[in-house]
Amino acid sequence: MSSRDAQIYVYAHIHKPYIRYINGKVIMNIGSVGLPFDGLPKASYGLIDIQEVSFTTSIQRVAYDLDKVVALYHEVEYPNAKMMTEVVRNGRIGS
């Protein structure tokens with residue numbers, strides 16, 4: 001990574017949003033829109049504000065209708081609906 005020209009590396013799908021700085025590079029995981037695993041039951045996404053020669057990064061969190069999501073899991077008989085309900089309500093797997 002240190003030999004690459006990119007200044008920002010963005011990825012997702014591990015459900016824990018964060019921004020890290022390694023060897024002068026920004027590493028940004030945008031998290032999860034509907035299944036956060038970091039204990040905060042809100043959707044997450046990343047913003048990159050690019051100016052002329054600089055940029056800033058941030059993780060944004062947005063509340064959504066948890067009751068509606070839980071109801072839909074049960075309505076469609078989603079596999080592991082009980083576990084998914086816990087994840088949605090608690091923002092994590094397990095207690």
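Q: What makes V10, I48 and I50 a nonpolar patch on the surface of this predicted model?
A: Together these three residues have about 270 Å² of accessible area (Shrake-Rupley, 1.4 Å probe, only the protein chains shown as cover). A patch takes residues with over 30% relative accessible area and no salt bridge (Lys or Arg side-chain nitrogen within 4 Å of an Asp or Glu carboxyl oxygen), and joins nonpolar side chains within 5 Å. Residues are numbered from 1 along each chain. In this predicted model, local features need pLDDT of at least 70, side-chain atom pairs count only at 80 or more, totals for chains, interfaces and linings use all residues, and side-chain values use heavy atoms, without hydrogens or water.

Q: Why is I48, in strand β4, called partly exposed?
A: I48 has a relative accessible area of 34%; buried means under 20% and exposed over 50%, so I48 falls in between. Strand β4 (a DSSP E run of at least two residues) covers residues 43-50.

Q: What makes up the largest nonpolar core?
A: Its 8 residues are L35, L66, V70, Y73, A81, M84, V87 and V88, buried and joined through side-chain atoms within 4.5 Å. Helices α1 (66-75) and α2 (81-90) each supply at least two of them, and α2 gives the most, with 4.

Q: How do you know that the buried residues of α2 line one face of the helix?
A: Those residues are A81, M84, T85, V87 and V88. Seen down the axis of α2, they fall within an arc of 165°, so they line one face. They pack against α1.

Terms used: Patch = residues over 30% accessible without salt bridge, like charges linked within 9 Å, V, L, I, M, F, W, Y side chains within 5 Å. Buried < 20%, exposed > 50% of the residue type's maximum accessible area, 1.4 Å probe, protein only. Arc of directions from axis to C-beta. Contact = heavy atoms within 4.5 Å.
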